[in-house]
Every structure is written in C-alpha cells, then in structure tokens.
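Hi there,

Here is the structure I promised to pass on. Have a look at it first, and then read my notes below.

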Amino acid sequence: MNFKITKGRNEFNDENYEEALKYFDEVREDDEDYMYVLMFKITCLMELERYDKALFLIESLLAEDPEDEFLLYEKIRCQIALGETENAFKTLKTFEKLINSDNKRMVLAISKFYRVLGDLDSALKYCNAALEIDAAFEEAINEKSLIAIDLDDKAMIDSCANNLLEVIESGSVRMVSAFLLKLYVGNFDDCLNIISCLGDDFDEEFRQMLKFVVFKEFSEKLGVEIRLNEEAEIPVEEAISLLKDYDECGVNNGVIHGVGFIII
C-alpha cells in the first residue's frame with residue numbers, strides 16, 4: 001500500500017484529520033487504492049465539518065454507485081448540516097428503500113434522521129420498528145425518550161424510563177439516564193428508588209446531590225418553599241418527605257426535630 005495512505009491512516013486513527021487529509025490529498029487517481037482513500041477523505045471532511053466539500057465527494061461517488069448505503073447515510077448528514085432539509089428528506093426516502101429492515105441499527109438511523117428533520121411521527125414509527133426487532137435495544141429506548149420529550153408525551157417518557165430500568169444492570173452508571181427521565185416527568189418516588197439502587201461508582205456525596213436535585217424540582221413543581229422558625233439543618237430526605245405530605249395530604253406546617261416549619 002502507498003506509504004502516503006499508511007501515513008494518512010495513522011493520522012486518521014489518532015484523530016488528526018487535518019494531517020490525514022494532507023496525506024490522502026497526495027494520493028493520485030491512478031492509485032489502485034484511490035477509491036478506498038476517498039472514503040477516508042469523506043470521513044475526515046465530516047469530522048472537520050467541511051460538509052460542502054464532503055458532499056461534493058459523496059455525490060461524485062454516488063454517480064458510480066447510487067445505492068451505496070454508507071454514502072447515502074453520509075449524504076443525509078451533510079445535507080442536514082448544510083440546512084438542505086428538502087434534499088435531506090429526498091435522500092432519506094432513497095435510503096429507506098435500500099436498508100435491510102431487519103437491521104436494527106440501520107432502522108434506528110432512519111428514526112434519528114427523521115427526528116432531527118422534525119418529522120416526529122416517522123421518527124417514532126422507525127424507532128418502534130427497531131424495538132420490535134430488539135426490545136432490549138438500549139440505544140433505541142434512549143432515542144424514543146428523546147422523541148417523547150419533543151412530543152411532550154410524559155406517559156411515553158415515563159415508559160421509556162421503565163424500559164431502561166428493565167434492560168440496564170442494577171447499579172449501573174447508565175441508570176442516571178432513567179433518573180433524569182423520571183425527574184423530567186416529576187416521578188420523584190421513582191427518582192429516589194433509583195438513587196438507592198446506584199452502585200459503588202457513586203459516592204454518598206453524589207447521591208446526596210441527586211436527592212437535593214429531586215427536592216429542588218419537587219419544590220418548583222409545587223411552587224412552594226419550606227421555611228423554618230429558626231436556623232437548622234434538615235436532612236434532604238426528610239425535606240422531601242415534608243413536600244410529599246404537603247402534596248398528598250395538605251400538611252403545610254408542623255414540627256420536625258424540634259423546629260417549627262411552614263410550607264408556603
């Protein structure tokens with residue numbers, strides 16, 4: 001293989017895309033690996049956000065092979081980045097017809113494109129299709145939660161959080177994603193349950209911080225604050241419990257640890 005290609009690949013692997021391009025640009029068209037180099041050049045240009053130049057290369061290659069899935073995928077990305085929404089939709093329609101409908105990652109890629117382009121109904125359709133292939137496809141569940149947020153569908157958001165908790169190993173760092181979704185919909189009891197299930201990767205200080213976030217969001221949701229008749233420290237868990245009693249039973253005053261409180 002041409003030593004310039006080898007040098008370019010080494011820079012590419014080190015994510016030095018500017019340097020990699022310099023080597024790839026020196027490869028002549030009559031080189032037997034020239035088409036291989038063009039694929040690397042496209043990726044370099046995409047990483048450097050030179051979408052117009054990448055699109056030019058992509059379209060020149062598609063003229064030879066109009067059904068190349070990789071090229072169509074990157075073409076859609078370029079068109080979205082360049083604000084060519086109508087063209088992106090057209091390319092996406094072509095991409096849809098070519099992909100293997102049993103390939104969950106390709107199906108999810110279509111869903112993601114539709115969400116970015118603002119067609120949430122189509123995004124949800126393809127996301128659900130990916131989950132029909134694999135109900136435990138965590139990336140698809142996360143994508144569906146983003147669609148649900150865009151749709152402001154709190155029931156769907158909560159369902160996505162529950163699905164994540166089913167497929168994520170208990171104690172995993174990734175449980176924080178489910179926590180944030182539960183927080184978004186105001187399901188504070190589930191937030192606290194998730195905190196209690198977090199593994200050893202989280203120290204007590206971080207857990208307390210998450211509980212304080214729950215308290216803050218709960219207070220804002222109710223539009224209230226807790227005031228004490230003298231300066232004192234109340235554990236955040238107990239402060240959340242006071243808000244819960246207020247929300248469920250209307251208890252707006254009392255004494256806790258010998259200190260009077262009122263919720264206003």
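Below is what I found, going from the overall fold to the cysteines.

Please keep in mind that this is a predicted model. The chain is built from 14 helices and three strands. Its radius of gyration is 26 Å, whereas a compact globule of 264 residues would come out near 18 Å. In keeping with that topic, the box filled by the C-alpha atoms, taken along the principal axes, is roughly 85 × 40 × 30 Å.

On packing, 41% of the 264 residues count as buried. If you take the contacts between residues at least 6 apart in sequence, 48% of them join residues at least 24 apart. The chain has an accessible surface of about 14,800 Å², and carbon and sulfur atoms account for 46% of that.

The charges may interest you too: there are 57 negative side chains and 28 positive ones. The centres of these two sets lie 4 Å apart.

Now to the cysteines. With a cut-off of 2.5 Å between sulfur atoms, the count of disulfides is zero. Cys44 is in no disulfide, and the nearest cysteine sulfur, in Cys78, is 13 Å away. Cys44 is also buried, with a relative accessible area of 0%.

Why does Cys191 have no bond to the closest cysteine sulfur? That sulfur belongs to Cys197 and is 12 Å from the sulfur of Cys191, so the two are too far apart for a bond. Cys191 counts as buried as well, at 0% relative accessibility.

Happy to talk it through whenever suits you.

Best wishes

Note on methods: Residues numbered from 1 in each chain as written. Predicted model: local features only at pLDDT ≥ 70, side-chain atom pairs only at ≥ 80, totals over all residues. Heavy atoms only, no water. Helix = DSSP H or I, 4+ residues; strand = E, 2+ residues; numbered from the N terminus. Rg over C-alpha atoms; globule rule 2.2 N^0.38 Å. Buried < 20%, exposed > 50% of the residue type's maximum accessible area, 1.4 Å probe, protein only. Contact = heavy atoms within 4.5 Å. Areas by Shrake-Rupley, 256 points an atom, 1.4 Å probe, with all protein chains shown as cover. Lys, Arg positive; Asp, Glu negative; His and termini not counted. Charge placed at Lys NZ, Arg CZ, Asp CG, Glu CD.
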